[in-house]
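Work through the following exercises with the sequence and the model beside you, and try each task before you read its solution.

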Amino acid sequence: MRVRILPSLILTLIPLLSGQTLASCGSAYCSLATTFDALGIRFQPGFRFDLRGEYVEQQTLRSGREEVAPSGEPGTETEKRTINRNLVASLDYSWSPEWGVVVQVPYVSRTHDHVANEPEEGPIPESWDFDGLGDIRVIGRYQINTPTGMTTGVRIGMSLPTGGTDVINDEGVQAERSLAPGSGTTGVIAGLNVNGTISTSPVGYFASATGQWAINSHADYRPGYQILLNGGASYPAAKSVTALVQVSALFKGRDQGAEAEPSDSGSEQVFLSPGLNLTLAHNIWLYAFVQVPLYQNVNGTQLTADVSEVVGISTIW
């Protein structure tokens with residue numbers, strides 16, 4: 001995995017080898033679940049800390065479902081590439097088998113390149129390279145554990161406007177609002193989940209549905225809604241190795257406001273993510289996924305990713 005500029009902590013912990021938003025210039029998180037059930041880890045009350053790194057390189061220009069070539073039309077921007085290097089830290093606390101809360105803190109390192117097709121000056125290359133805190137999410141949960149081992153739950157939370165919203169390059173040009181680490185808005189998060197094992201086999205399964213909606217706008221910008229569906233299975237392939245697979249479907253509505261680009265925002269995407277989870281100790285796990293798109297349909301013209309990588313480490317106490 002290409003993790004060359006992720007913080008050194010990731011490089012130290014994983015020398016073996018990281019909500020999702022899309023916009024015309026392409027800013028993204030991986031649409032993976034890395035909860036207990038998604039990683040094939042048996043749930044237990046107490047603390048869990050998870051640190052995951054993501055590498056999402058968006059360089060395929062797409063209109064609808066088709067790959068397209070840039071038009072270069074005067075007055076437009078030719079989107080070239082966006083590299084997203086995301087670090088997401090999660091601290092989870094369950095004070096009983098039923099109740100718990102998680103705080104997720106994202107840190108974004110992002111590079112974006114495009115060409116401004118000026119009517120008089122002609123093509124002008126522009127780029128941005130920045131780091132910053134994203135929007136923190138706080139999510140509470142309640143789950144029901146049945147004697148058969150199946151668990152069903154509900155999650156309610158909020159996304160907080162902690163991330164920066166103004167990104168300016170060395171020439172003083174401000175980037176599109178959707179490229180910034182934060183949205184500047186407060187969002188409501190709601191979700192459902194189920195997990196268990198298939199009959200008496202060692203195969204575990206999980207499924208979840210999560211939605212996020214902004215309840216306000218900031219500086220003439222309001223991000224579109226997001227609905228994320230995840231489902232997957234885990235299989236203990238060896239004593240300390242668990243094989244993982246996930247299918248994710250991400251639906252995003254159009255951004256709104258004078259600083260948004262409604263015609264070039266919003267999408268429907270489906271991803272397949274095979275992975276492995278390695279037990280390093282009785283309470284420490286190292287995991288990795290590769291995420292590839294199965295279906296991509298975007299509004300207008302947007303940058304999309306052909307492959308993304310995720311690697312992380314989890315511990316409980």
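**Exercise 1. A pocket**

Which residues lie nearest the centre of the second largest pocket, and how many residues line this pocket?

*Solution.* Before starting, note that this is a predicted model, in which local features need pLDDT of at least 70 and side-chain atom pairs count only at pLDDT 80 or more, while totals for chains, interfaces and linings use all residues. Residues are numbered from 1 along each chain as its sequence is written, and side-chain values use heavy atoms, with hydrogens and water left out.

Step 1 is to fix the term: on a 1 Å grid over the protein atoms alone, a pocket is an open set of points where a 1.4 Å probe fits, with protein on both sides within 12 Å along at least five of seven lines, and its lining residues have an atom within 4 Å of a point. Step 2 is to read the lining, which consists of 15 residues, with T76, E77, E79, D264 and T301 lying nearest the centre. Step 3 is to ask which element contributes most, and here strand 3 leads with 3 lining residues; strands (E, at least two residues) are DSSP runs, numbered from the N terminus. Step 4 adds the volume, about 260 Å³, where a volume is the space filled by probe spheres set on the grid points, which are joined across faces, edges and corners.

**Exercise 2. Nonpolar residues inside and outside**

Find the largest nonpolar core and name the residues with the most contacts inside it; then find the nonpolar surface patch and the strands that supply it.

*Solution.* Step 1 is again a term: a nonpolar core is a set of buried Ala, Val, Leu, Ile, Met, Phe, Trp, Tyr and Cys residues joined through side-chain atoms within 4.5 Å. Buried means under 20% relative accessible area, exposed over 50%, and partly exposed in between, with a 1.4 Å probe and protein chains only. Step 2 gives the largest core, which has 14 residues, and in which L39, I41, V56, Y287, F289 and V310 have the most contacts. Strand 13, residues 284-316, gives the most to this core, with 6 residues. Apart from it lies another core, of 6 residues, including W128, F130, V167 and A175.

Step 3 turns to the surface, where a nonpolar patch of about 1200 Å² includes F47, F49, L91, Y93, W95 and W317 among its residues. Such a patch is made of residues with over 30% relative accessible area and no salt bridge, with nonpolar side chains (Val, Leu, Ile, Met, Phe, Trp, Tyr) joined within 5 Å; the areas come from the Shrake-Rupley method with a 1.4 Å probe, and only the protein chains shown count as cover for residues. At least two patch residues come from each of strand 1 (46-64), strand 3 (77-94), strand 6 (137-145) and strand 7 (151-159). Step 4 takes one member of the patch, L192, which sits in strand 8, residues 187-197. L192 is exposed because its relative accessible area is 54%.

**Exercise 3. Charged pairs**

How many salt bridges does the structure hold, and which parts does the pair of R141 and D92 tie together?

*Solution.* Step 1 is the criterion, a side-chain nitrogen of Lys or Arg within 4 Å of a carboxyl oxygen of Asp or Glu. Step 2 is the count, which is 5. Step 3 looks at R141 and D92, whose side chains meet at 2.8 Å, N to O. R141 lies in strand 6 and D92 in strand 3, so the pair ties together parts that are 49 residues apart in sequence. R141 counts as buried because its relative accessibility is 14%, and D92 counts as buried because its value is 11%. Step 4 adds two further pairs: D50 with R48, where the closest N and O atoms are 3.2 Å apart, and K252 with D255, at 2.7 Å from N to O. D50 and R48 are both buried, as are K252 and D255.

**Exercise 4. Backbone angles**

Where does S199 lie, and is S199 buried or exposed?

*Solution.* Step 1 recalls a general rule: most residues other than glycine have a negative phi. Step 2 applies to S199, which has a positive phi of about 55° although it is not a glycine. S199 lies in the loop between strand 8 and strand 9, and S199 is exposed because its relative accessible area is 64%. Step 3 turns to D220, which is not a glycine and has a positive phi of about 65°; D220 is found in the loop between strand 9 and strand 10 (226-236).

Methods: Patch = residues over 30% accessible without salt bridge, like charges linked within 9 Å, V, L, I, M, F, W, Y side chains within 5 Å. Helix = DSSP H or I, 4+ residues; strand = E, 2+ residues; numbered from the N terminus.
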